[in-house]
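Grab a pencil and open the 3D view next to this page. Try each exercise yourself before you read its solution.

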Amino acid sequence: MSMQHESKTTPTFDYGYLHDHSRVTRFRETPVAPDLFLPHGRSTTLSLEGRWHFAIDPFNSGLRGEWYRDQGESEGDVGPPDYDFDNWDTISVPSCWNTYHDAYAYYEGAGWYVRTIEIGPVEGSTRAFLSFEGTSGETIVFVNGEFAGYHDNGGVPFSVNVTSHLRSGSNRIIVWVDNSRRSDAVPGDFFDWFNYGGIFRHVGLYIIPNLSIHSYFFSLTDDDRVAGTVDVSEAGVHQLRVTIGADTWILETDNNGHLDSKLPIKPHQWSLYDPYLYDITVELMDSDGNTVDAVRDSIGFRRISIKDTHVYLNDQRIFVKGVAVHEDHPERGRTLTTEDRLKIIAHCKELGANTIRLAHYPHDPEMSRLADQYGVLLWEEIPVYWHLQFNNEVTIDRARRQMQALILRDRNRASVVMWSIGNENPDSDGRLRFMKTIADGVRGTDPTRLITAACLVDVSDFTVTDRLADVVDVVSLNQYYGWYYPGIDSVPEILSSVADKPVMISEFGAGADFVCNCADPPKWSEEYQARVYADQFTVLKECDNLAGTFPWLLYDFASPRRLNSHQRGINRKGLVDRSRDHKKLAFDEVRRWYTQEF
Ligand code: GCU
């Protein structure tokens, strides 16, 4: 029997897979800039929504084993790999992996998404970006086995430049997403909502000309004209055609490709009862007058301002009749549908409310588009929530970039009137420095809106001593008199301790889990919750300097830190239960408050 000699290939084994921890961290150093590419006003060249192969990877074997290098070709006779993408289960994008499989319900860690896309030849005069509207925690993108980009801020949009990685024909896209809670992140590792994981919002490929429109921002000036800024991707003087409704102007950028103009149009103003939107087109023209790039949007023009201690929409004083909501659905987690969002707006209107606080992090961009259409104001927020590493430059930078990404995404939305830079943070020097940095960044990028934050109330001596109150335009306060502590009668004293700025109550309320139909309703009954609101409103109606209120909150929501027998993993302070179908007794209490004359 002739010995079949094995061919003499030198056996190899990748010990780096076992030993080299740097493989887990090396791509997570330089996050992509929030303004690398802004997909606003553009339609996707290729949507990447749909089924992706997916697996969770709690031990980060994929980064250790460099699985992302896999091009799908057979690796000859090296040992069988610990993965085979094409045989993995598939999951739909966008979605939250927690709602996909019981085994993933509470999973926190890394997960891999793999799919192949077919594209034609990418013209030399174009660039290609993969844009994500929202993933959880950290994200690394690989294209055809090459590292394309890293992002470290969950829930805000980001894009990676894939121009040099794409090829004509079949392209393998591999995305690593890790929703592990981290103390140096924003939010930190402890918060009162569910830590959903995954690619939970739209993903799309955008192929655009090298010379293109980078960003645009239109707003109403103090003298009722339209201010417009447009930035072109390359320096130089460029011609732009700007169309607002039926009016068109040919304008020129400065030498840096930047246009800063005041257009001689007195627009019909957007308001709550008349949410008027203009169709806007910005075209970049070449020297022959041909359009080489264009963006389209529908924008409302309104002004939000403060006089004395009150808020004005256009020139009308308004009381901010708010309600807060989380991006949390029993079946869909953070990946709400348009119907879910329309229901939020319908419940808001049914309450008689005119403003929604999108707590405590950026919600899907569709929410602000719908609020524009239906005439609802929005408070938008980044999760500078409770304790963060306020002295950590990495954390400060993450918060600054998160706020910038949110502003760049929604600054053309008329509905968005307030940027919130924090919620219930301890008043320390480091935190104050942190907040000033964020506030300066906001004022530098968007001076047209109000800055607020949920400041701390000193519940023992009924004052607002929080130094953040000096940084913001509107002082907001969370107080739970009647639930976490007694003493509703001290609220007027607290409010009057803020003399020179509008003051709002950004959270108040109580939990409710059942109806008791009894003489002396106990805590957790809907009757008790309704009475807490009734008592609050009795006191609040005497507070002349109160500029707004936000009952906490519209719907019950999931929170793994809520574990008593009434809560069962749910924060039950909603005016409506988590199914969105059962209105609690307090719903009518709040509606009575909002349908009175203010
Ligand atoms: C806090 C916090 C909320 C939380 C609420 C509550 O004020 O800001 O995120 O859910 O209280 O205790 O229900």
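**Helix pairs**

H6 and H7 are roughly parallel to each other, because their axes cross at roughly 25° and angles under 35 degrees count as roughly parallel. Keep in mind throughout that you're looking at a predicted model.

**Exercise 1.** Find helix H6 and helix H7, and work out how close their axes come and which hand the crossing has.

*Solution.* Start by picking out residues 393-410 for H6 and residues 429-445 for H7. Next, look at the two axes: they come within 10 Å. Finally, check the hand: the crossing of H6 and H7 is right-handed.

**Exercise 2.** Now do the same for H4 and H5, and decide which word describes their angle.

*Solution.* H4 covers residues 338-351 and H5 covers residues 365-374. Their axes come within 10 Å and cross at roughly 45°. That angle isn't under 35 degrees, over 145 or in the range 65 to 115, so the pair falls into the remaining class: H4 and H5 are therefore oblique to each other. As for the hand, H4 passes H5 in a right-handed crossing.

**Strands and sheets**

**Exercise 3.** Trace the sheet made of S18, S19 and S20, and say which strands stand at its edges.

*Solution.* First get the order: this open sheet runs S18-S19-S20, with antiparallel pairing. Strand S18 (304-307) and strand S20 (316-318) each have a single partner strand, so they stand at the edges with one side left without a neighbour in the sheet. On average, neighbouring strands here are turned by 45° against each other, if you ignore direction. Now zoom in on S18 and S19 (residues 310-313), which are paired over four bridges. Along this pair you'll find Ser 305 opposite Tyr 312 in S19.

**Exercise 4.** How many strands make up the closed barrel, and which residue is the bridge partner of Glu 381?

*Solution.* Follow the strands around: S21-S22-S23-S24-S25-S26-S27-S30, which makes a closed barrel of eight strands with parallel pairing. From one strand to the next, the twist averages 30°. Then pick S23 (residues 377-381) and S24 (residues 416-423), two parallel strands joined by four bridges. Glu 381 has its bridge partner in S24, and that partner is Ser 420.

**Contacts and odd spots**

**Exercise 5.** Which parts of the chain does the salt bridge between Asp 152 and Arg 398 link?

*Solution.* Begin with the contact itself: the two side chains meet with an N to O distance of 2.8 Å. Then place each partner. Asp 152 sits in the loop between strand S7 (146-151) and strand S8 (158-161), while Arg 398 belongs to helix H6. The partners are 246 residues apart, so to speak distant parts of the chain. In total, the structure holds 51 salt bridges.

**Exercise 6.** Where do the cis peptide bonds at Pro 187 and Leu 553 lie?

*Solution.* Take Pro 187, joined to Val 186 by a cis peptide bond with omega about 0°. Pro 187 lies in the loop between strand S9 (169-178) and strand S10 (203-209). Then go to Leu 553, where a cis peptide bond connects it to Trp 552, again with omega about 0°. Leu 553 is in the loop between strand S30 (546-549) and strand S31 (557-558).

**Exercise 7.** Which residues make the nonpolar surface patch of about 360 Å²?

*Solution.* Colour Phe 13, Tyr 15 and Leu 18, and you have the patch. Tyr 15 is in the segment before helix H1 (16-19).

Methods:
Residues numbered from 1 in each chain as written. Predicted model: local features only at pLDDT ≥ 70, side-chain atom pairs only at ≥ 80, totals over all residues. Heavy atoms only, no water. Pairing = 2+ DSSP bridges. Axes fitted to C-alpha atoms, helices over the stretch in contact; angles between N-to-C directions. Patch = residues over 30% accessible without salt bridge, like charges linked within 9 Å, V, L, I, M, F, W, Y side chains within 5 Å. Areas by Shrake-Rupley, 256 points an atom, 1.4 Å probe, with all protein chains shown as cover. Salt bridge = Lys/Arg side-chain N within 4 Å of Asp/Glu carboxyl O. Left-handed = near helix turned anticlockwise from the far one by under 90°.
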